[in-house]
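User: I would like to learn how to read the features of a protein model, going through them one at a time with the general idea before the case at hand.

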Amino acid sequence: MLASGSGGPGAWRLLLSLLLLAAWETGSNHVHYSVSEEAKHGTFVGRIAQDLGLELAELVPRLFRVASKDRGDLLEVNLQNGILFVNSRIDREELCGRSAECSIHLEVIVDRPLQVFHVEVEVKDINDNPPVFPATHRNLFISEARALESHFSLEGASDADIGENALLTYRLTLNEYFSLEVPSNDEQVKPLELVLKKRLDREVASELLLVLKATDGGKPELTGTVKINITVLDANDNAPVFDKAVHRIKLLENARNGTLVIRLNASDLDEGSNGHILYSFATDVSTNTEASFRIDSNSGEIRVNGKIDFEETKLWKLQIEAVDKGNPPMFGHCTVLIEVLDINDNAPELLVTSLLLSIPEDAPLGTVITLISVTDRDIGSNAQVTCSLTPHVPFKLVSTFKNYYSLVLDSSLDREKVSEYALALIAKDGGSPALSTTASVSVEVADVNDNAPAFAQPEYTVFVKENNPPGCHIFTVSARDADAQENALVSYSLVERRVGERALSSYVSVHAESGKVYALQPLDHEELELLQFQVSARDAGVPPLGSNVTLQVFVLDENDNAPALLPPGPGGGPSAVSQVVSRSVDAGHVVAKVRAVDADSGYNAWLSYELQPAAGGARSPFRVGLYSGEISTTRALDEADAPRQRLLVLVKDHGEPALTATATVLLSLEDSGQAPKASSRALSGAAGAETALVDVNVYLIVAICAVSSLLVLTLLLYTALRCSAPPSEGACGPGKPRLVCSSAVGSWSYSQERRQRVCSGEGPPKTDLIAFSPSVPPGLNSGDIGDQQEFFEKSSDA
């Protein structure tokens, strides 16, 4: 905005200077101007619309407006020409105080579309504040007896401006009595002082009026004055004098109330009341000083009156006055500088910044887990902090910078042993006594898949009865994984292989989650006596880990096979036994033999023979060996016996329930003269062979007894080793197999040598020899023994 021409050339020069002070810059939505404080209303600041790239015609339609975080009425924009101008008085000292930089921040907002521009207007300081003394008048009472070169303290002026505008120089009105002593920059603690250069004479001049003038360094210069009214007193011509102008004291912080700081000593050469000195703080002392210290007016002792805190104030400056009781009183001044000494009253402060919520147990050594910073408000050795860590943990503290540490991994971790560490960080300073701070840090160890599933034992023995129902549960395997979560999730599967010509999975299956083993089909002891296979346990980790366990499934025999009759002659099929018997044979003569075998084993394959009673209840002259199947005469045959004898022999095993078969024996009785010689020779030959066979069977029995004894000892040792194993029967498993049985003839043992297929999946089928010690019941005759021996032989032949 232009001013009228009535101001003349001076007004134009002022306007030109203001225009030169207004600087602007354009950029990305940011404009900077400057304006001097105290500029008049309407002073041009900048073409804000043009600098922001806005057209004048769009200011009103786009709702151009200015917002300010500071006082919003200082600057305004003319929407007609887009010029930013001064709207009201700008006082830099009121706005920013004595700050070196002062700016007004504006936000220019326009709509359609919405845009926000930032404008910064720097307020330049002008010399608009004159120096100001604390008071416009100062009264001094000076005795005419004061010595030359006496000093009288004066309070200096202050200037609210900054920089050169606040640089003050002092000048005292010309007089013959006093000069002005201004302290140098190194002696700022000293006040201005009047120095007496000529003795005073009350009778010549009882009062003196001096003017002290302060001039700042601004352009134009501004000044401030204080009138000093000096009253010349008579008599009391000696003022109190301190032994030192400046006292320097060191005081420990947190000193108790009443602690003596210093005892000041001022002397006055006068006598009587003129030499009686009273001490006090200077009139312009701060309230904080009076709250922290007190002075005894009579003794001059300065004592602690409040809290002394090194962290709040490190140096106290006290201005002390000493006044006598003369009339008029005389004053002496000194300065007490109290340096507060730090004591160790602040414990260290710990700041923990966690980088990892958890650390994998396979983390490499040196992994940084937490950053730690330590601060102490004290100084010196009281602020020298050392950090330590809970001992016996796999971590250590590494100093990265002054009072900065890193918590790093120092040794390997194992989550299965320790899943979480509660660490105590201890920060201890070097004070005496030392202060410390403890912070807790929790480090969780994350699991990695480093443990394979483990079974309780490497193999298990399972006993299952044959002919089990399909899908029968026979056993449950269980493996434990020491890891956690999915790394401990175990699944089971069969280690597939061939069992003969069939796949293992056609016999058994295992549930993937529970580990239950099922028999998929009925097992046949006669076909498969031992099924050996492996079950694999795998966890769900990445990569997965696993282990195997061996299962030995013994298929126990059931009595599911009836005795089968052997043919009477080689190469023939099962038929009735026909035999010609001479009537002249003696009692006990063997006339025929029934042969039978049982596909079962053990007790289920032990056969006994019984002669069925004849029709009509007639007593037969023949009998059959209980275990041998030999038919022999019970008495001598006579003419009364029917020439054709038809015998029915019942063959029965000892299973539960017992299974039977019936053999028919046809005997033809003939006189001795009619018997064919060949038959007689055959019978005699058979008798000789039978005698030889009995001898062989005796040795066989002895050998079987020895082998059976060794086997029993081996089984007892095996049972003792397995006694700690868990029960291995499934839902359809039997109890322990019975090896000793009882019958009508007492306790007995039996043996049978059979070739069985043992399917272990390793090598060709094996032959298993199971032998039991024979024990002949008391009361059996030699025929029965022979019957048993022949049973062993024929069972072995079968």
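Analyst: What follows is a short walk through ring pairs, a sheet, a disulfide and some backbone features. This is a predicted model, in which local features need pLDDT of at least 70 and side-chain atom pairs count only at pLDDT 80 or more, while totals for chains, interfaces and linings use all residues. Residues are numbered from 1 along each chain as its sequence is written, and side-chain values use heavy atoms, with hydrogens and water left out.

User: How should I read an aromatic pair, and how many aromatic pairs does the count come to?

Analyst: A pair of aromatic rings is described by the distance of the centres and the angle of the planes. The rule used here pairs rings of Phe, Tyr and Trp (its six-membered ring) if their centres lie within 6.5 Å, and it calls planes under 30 degrees apart stacked, over 60 edge-to-face and the rest tilted. By this rule the count is 10 aromatic pairs. One of them joins Phe293 and Trp316, which are edge-to-face at 5.3 Å centre to centre with 80 degrees between the planes. Phe293 belongs to strand β20 (residues 293-295) and Trp316 to strand β22 (residues 315-324), so this pair ties together parts that are 23 residues apart in sequence. Strands here are DSSP runs (E, at least two residues), numbered from the N terminus.

User: Are Phe293 and Trp316 buried or exposed?

Analyst: Buried means under 20% relative accessible area, exposed over 50%, and partly exposed in between (1.4 Å probe, protein chains only). Phe293 has a relative accessible area of 1% and is therefore buried, and Trp316, at 12%, also counts as buried. Another pair, Tyr603 and Trp606, is tilted, with 6.3 Å centre to centre and 50 degrees between the planes. Both Tyr603 and Trp606 are buried, and ring pairs link these two residues with Tyr627 into a cluster.

User: Which residue has its charged end over the ring of Phe310, and which over the ring of Tyr507?

Analyst: A charge sits over a ring if NZ of Lys or CZ of Arg is within 6 Å of the ring centre and within 35 degrees of the ring normal. Lys314 places its charged end over the ring of Phe310, 4.9 Å from the centre, and Arg502 does so over the ring of Tyr507, at 4.5 Å from the centre.

User: How do I read a sheet, and in what order do the strands of the open sheet run?

Analyst: Strands of a sheet pair through backbone hydrogen bonds, either parallel or antiparallel. Two strands are taken to pair if DSSP finds at least two bridges between them. Here 4 strands make an open sheet in the order β1-β7-β6-β3, with mixed pairing. Its edge strands, each paired on one side only, are β1 (30-36) and β3 (65-68). Strands β6 (residues 103-110) and β7 (residues 115-124) pair in the antiparallel sense over 8 bridges, and the bridge partner of His105 in β7 is Glu120.

User: What lies in the loop between β6 and β7?

Analyst: Among the residues of that loop are Arg112 and Pro113. The peptide bond from Arg112 to Pro113 is cis, with omega near -5 degrees, and Arg112 has a positive phi, near 60 degrees, although it is a residue other than glycine. With a relative accessible area of 62%, Arg112 is exposed. A cis peptide bond also joins Ser432 and Pro433, with omega about 0 degrees, and Pro433 lies in the loop between β30 (420-429) and β31 (436-446).

User: What should I look for in a disulfide, and how many does a search of the whole structure find?

Analyst: A disulfide is a covalent bond between the sulfur atoms of two cysteines. The search takes any pair of cysteine sulfur atoms within 2.5 Å, and over the whole structure it finds 1 disulfide. Cys96 and Cys102 form it, with sulfur atoms 1.9 Å apart. The torsion about their S-S bond is about 70 degrees, so the disulfide is right-handed. Cys96 is partly exposed at 23% relative accessible area, whereas Cys102 is buried at 2%.
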